[in-house]
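I opened the file to go through salt bridges, helices, backbone outliers and one pocket. The entries follow in the order in which I looked things up.

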Amino acid sequence: MAAADDNVATAPHTLGDLAAERVNHRFKALPPDADGLTVAALAAERRNLFTGGFTTPVLALSAESVAHNLALLETYAERHGLAFAPHGKTSMAPQLFARQLEHGAWGITAAVPHQVRVYRAFGIQRIFLANELVDPAALRWLAAELDADAGFDFICYVDSVRGVELMDEALRAAGSTRPVDVVVELGAGEGARTGARTEADCAAVADAVAAAGTLRLVGVAGYEGEVPDASAERVQEWLRRLVRLAADLDKADRFATLAADDRIVISAGGSAWFDAVADVFAEIPELSRPVRKLLRSGAYVSHDDGHYRHLTPFNRVPEEGALQPAFRLWAQVVSRPSAEQAFVNAGKRDAAYDLDLPQAQVVRSGRDGSVRPATGITVTGLSDQHGWLRTGPEAELEVGDWVGMGLSHPCTSFDKWQLIPLVEADGTVTDYIRTFF
């Protein structure tokens, strides 16, 4: 079979393609007797997570919590006049992207070229790449994608003159006919992540973009989560720098190539400080063109029981609502060697552990299916395929029980599972969320 031409756009996949995928050994925890069924057929059976033949460990995503979180950020963005491009790296799940777009998202944010390719494979028309892009192969693919689809909107970071030169060289070599829209990334401070460190550096990058016929400057961006020793005051101070940078570039006529009805993009917003972003972006002065105030928070869709439960801005503004943790990892007790120790069959291959260990929340009896709080049970460590539990004298736990655990850090929870049951409160599985990592 001949290799596909890199310059020929292919028809996008659909969510129906995911529903038509066959269930088999590739997908952890799904019922062995479901092998050969399509995902749609299995979902239509509405099996129960606990009695429907699923094997442990199994990761479940709460249908009710996901719906709640999607609606909450939609209304939050509307209330504060923000456009929203949630970061898709969190879930890498086209089904969730579709629901985010249905809930008012302007587009989806990516971090690396592979993610952009996944998004395009499922027809995403607006993509914000919150990173620099200097890879010639990726730029060649991007040029072909932009040329093939006039309706495809793409924006990425630039933070150096050399990066601009590399982009220009690659796009010229690719014969690009559409300029690539870029935003100057302002770094969050010395020792922070990417981004030009000073306003003078940003101006030099903007001048380099203007000299490159293959690029078009459309705004500024950055990530406030990297502000050193972050506090509300420090984050707001940096966000005001970002806004001033946009105003200075506009005053210097750096956005002259934008059409009269185009918008100047000012973008920030992780999942820990989007309240500060909303407050400072409300102060953006009038510029030569309307402003697209673009928020990029992504962890909200599943939230968590650890890192983001503590960091979420909704803790500071409870009148705005509250996110709900949607993940629960179920594992089975396979060994109870002493009164102080037990082991479940979920470990590093199944649970996020880069920020916090899982938290034992509930126990489902292996005898009668009754559910009780996980009193006296603490997860103390993870091996590759085992969870280490410390059990106090009040703990009721025996071999065969299922332990339901809350997780910390959505980004490293989604990436361990290719097909995740979407589960209603009574255990009914209504769908399966496909991920692409």
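**Entry 1: Arg349 and its partner.** I started with Arg349, which is partly exposed at 49% relative accessibility. The model is a predicted one, so I kept in mind that side-chain atom pairs count only at pLDDT 80 or more. Arg349 forms a salt bridge with Asp384, and the closest N and O atoms are 3.6 Å apart. The pair links distant parts of the chain, 35 residues apart. I placed Asp384 in the loop between strand 14 (377-382) and strand 15 (387-391), and Arg349 in the loop between strand 11 (341-344) and strand 12 (359-364). Asp384 is partly exposed too, with a relative accessible area of 42%.

**Entry 2: other salt bridges.** How many salt bridges does a search of the whole structure find? I noted 24. One of them joins the side chains of Arg46 and Glu424, at 3.4 Å from N to O. This pair also links distant parts of the chain, 378 residues apart. Glu424 sits in the loop between strand 17 (419-423) and strand 18 (429-434), and its relative accessible area of 28% makes it partly exposed.

I then looked at Asp168, which forms a salt bridge with Arg172, the closest N and O atoms being 3.0 Å apart. Both residues lie in helix 7 (residues 161-173), four residues apart, about one turn of the helix. Asp168 has a relative accessible area of 14%, so I entered it as buried. I also recorded a network of salt bridges that links Glu21, Arg26 and Arg434.

**Entry 3: backbone.** Which residues have a positive phi although they are not glycines? I listed Ala29, at about 75 degrees, and Arg46, at about 50 degrees. Ala29 is in the loop between helix 1 (15-19) and helix 2, and it counts as buried at 7% relative accessibility. Arg46 lies in the loop between helix 2 and strand 1. At 44% relative accessibility, Arg46 counts as partly exposed. Pro57 is found in the loop between helix 2 and strand 1 as well, and the peptide bond leading to Pro57 from Thr56 is cis, with omega near 0 degrees.

**Entry 4: helix 3.** I checked the length of helix 3 (residues 63-79). Its 17 residues should span 24 Å at 1.5 Å a residue, and its end C-alpha atoms are 25 Å apart, which agrees. Buried residues in helix 3 include Val66, Leu70, Leu73 and Tyr76, and also the polar side chains of Ser65 and Asn69. What do the buried residues of helix 3 pack against? I found strand 1, strand 2 (83-84), helix 4 (94-102), helix 10 (274-281) and strand 17. After helix 3 comes Gly81, with a positive phi near 65 degrees.

**Entry 5: helix 6.** I repeated the length check on helix 6. It has 13 residues and reaches 18 Å from its first C-alpha to its last, close to the 18 Å expected. Among its buried residues are Leu139, Trp141, Leu142 and Glu145. The buried residues of helix 6 pack against helix 5 (113-121), strand 5 (153-158), helix 7 and strand 6 (180-185).

Is Glu145 buried or exposed? I get 12% relative accessibility; the cut-off for buried is under 20%, so Glu145 counts as buried. Leaving out residues up to four places away in sequence, Glu145 touches Arg120 and Phe152.

**Entry 6: Val235.** I found Val235 in helix 9 (residues 232-251). Val235 is buried, with a relative accessible area of 0%. Its contacts, apart from neighbours within four places in sequence, are Glu224, Val227, Ala230, Trp273 and Ala276. I also took the C-alpha separation of Val235 and Val280, which is 9.7 Å for residues 45 apart along the chain.

**Entry 7: the second largest pocket.** I closed with the second largest pocket, which holds about 400 Å³ of space. It is lined by 22 residues, and those closest to its centre are His87, Lys89, Arg193, Tyr223 and Gly270. I split the lining into seven nonpolar, ten polar and five charged residues.

Definitions and conventions: Residues numbered from 1 in each chain as written. Predicted model: local features only at pLDDT ≥ 70, side-chain atom pairs only at ≥ 80, totals over all residues. Heavy atoms only, no water. 1 Å grid on protein atoms, 1.4 Å probe; cavity = no way out; pocket = protein on both sides within 12 Å on 5 of 7 lines; lining within 4 Å. Points joined across faces, edges and corners; volume = space filled by probe spheres on them. Salt bridge = Lys/Arg side-chain N within 4 Å of Asp/Glu carboxyl O. Helix = DSSP H or I, 4+ residues; strand = E, 2+ residues; numbered from the N terminus. Buried < 20%, exposed > 50% of the residue type's maximum accessible area, 1.4 Å probe, protein only. Expected span 1.5 Å × (residues − 1). Contact = heavy atoms within 4.5 Å.
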